[in-house]
Amino acid sequence: MRFTAAELSLLLNGVVEGNPDIAVSELAKIEEGTPGSLSFLANPKYLPHLYTTESSIVIVNKDLALTAEVKCTLIRVDDAYSAFSVLLEKYNTIKQNKSGIEQPSYISQSATVGDNLYLGAFAYIGNNAKIGKNVKIYPQAFIGDNVTVGDNSVIYAGVKIYSDCVLGKNVVIHSGTVVGSDGFGFAPQADGSYSKVAQIGNVVIEDDVEIGANTTIDRATMGSTVIGKGVKLDNLIQVAHNVEIGQNTVMAAQAGVSGSTKIGENCIIGGQVGIVGHINIAKGSQFGAQSGIHKSITEENKKWNGSPIVPYLSSLKTINSLSHLPELERKIHELEKTIKELKEGK
């Protein structure tokens, strides 16, 4: 990737302040910049680095007022952080612009694949699978029988997608994730053993979903486990059978959702949150890290915390009270001692 300041300003709808012909070929933090690199400044904490950076070009906000001369060329934009994120995405797209079918790999004769497929070595596409256009499937990925993968999706190395699952467009699944493994269904028997209940459903992942590494999404017992449009799941998350996650909900690492729970749209679920099965969670709900959700949430757009959960502000008061317990204990001991001495006539 090589761009001049003038080209970048056109791409970002910005204004060049300095040499429009200076070129950059790499991205760098402003404090680690070198000649030929591009940086950005959005956080005022890093402002001193603007005057010492070796980066050739720095993207800044239009309203930034300079207090000294700078060596670098500036590109002034409405929002430096957003503009730099656009460049990061472009850089990432260029870096990962793989194409072609590597060998050894396998595509079933009954599968259909769209134009511009990238299939990495040792990847497998099963019977009657349908792969859309511009899909990238990295090495050692497994696409099972009757799976559908929508246009522009990316399946990273080592992902396993079991049979009959459906992925929409622009889906990104990171390495090690398993989609469509059996749900945790076992029927207790009279002798104390457990008999497996066949899991014959599937997983449906709608458009624009991104799933982190080593996450597991179980197939439904019957019907579908559904991950709604725009959902973002972090690494190491467990989604059980027949769960439904609403559009644009985000979930941080190590969270777990038990079977048949329905989560509304636009929820925010912190790391290590545990959610019991067969409940409903209202849209816009927010849960702090390590929250234990033991009941349905019916009020929309509320914040919760703790295990078991309580309203967020109540949890803060409880935490504050706990910090005073040692002092309260000391005062109680002093009172008990005083009462004892009074009774003894001292």
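Let me start with a term: a residue is buried under 20% relative accessible area, exposed over 50%, and partly exposed in between, using a 1.4 Å probe and protein chains only. Tyr-124, with a relative accessible area of 31%, is partly exposed, and this tyrosine is where I'd like to spend most of my time today.

A word on what we have on screen. This is a predicted model, where local features need pLDDT of at least 70 and side-chain atom pairs count only at pLDDT 80 or more, while totals for chains, interfaces and linings use all residues. Residues are numbered from 1 along each chain as its sequence is written, and side-chain values use heavy atoms, with hydrogens and water left out.

So, the aromatics. The structure holds seven aromatic pairs. Here rings of Phe, Tyr and Trp (its six-membered ring) pair if their centres lie within 6.5 Å; planes under 30 degrees apart count as stacked, over 60 as edge-to-face, and the rest as tilted.

Why is the pair of Tyr-106 and Tyr-124 stacked? Their ring centres are 4.9 Å apart and the planes meet at 25 degrees, so stacked is the right class. Tyr-106 sits in strand 9 (residues 106-107) and Tyr-124 in strand 12 (residues 124-125), so this pair ties together parts 18 residues apart in sequence. Strands, by the way, are DSSP runs of E with at least two residues, and helices are runs of H or I with at least four, numbered from the N terminus. Tyr-106 is partly exposed too, at a relative accessible area of 37%.

Now the other partner of Tyr-124. Its ring and that of Phe-142 have centres 5.3 Å apart and planes at 20 degrees, so that pair is stacked as well. Again, distant parts of the chain are linked: Tyr-124 in strand 12 and Phe-142 in strand 15 (residues 142-143), 18 residues apart. Phe-142 is partly exposed, with a relative accessible area of 31%.

Elsewhere, Phe-40, Tyr-81 and Phe-84 form one aromatic cluster.

Let's zoom out. The protein has five helices and 40 strands. Its radius of gyration is 27 Å, well over the 20 Å from the globule rule for 346 residues, so the protein is more spread out than a compact globule. That radius is taken over C-alpha atoms, and the rule is 2.2 Å times the number of residues to the power 0.38. The C-alpha trace spans about 95 × 70 × 35 Å along its principal axes. Finally, buried residues make up 40% of the 346.
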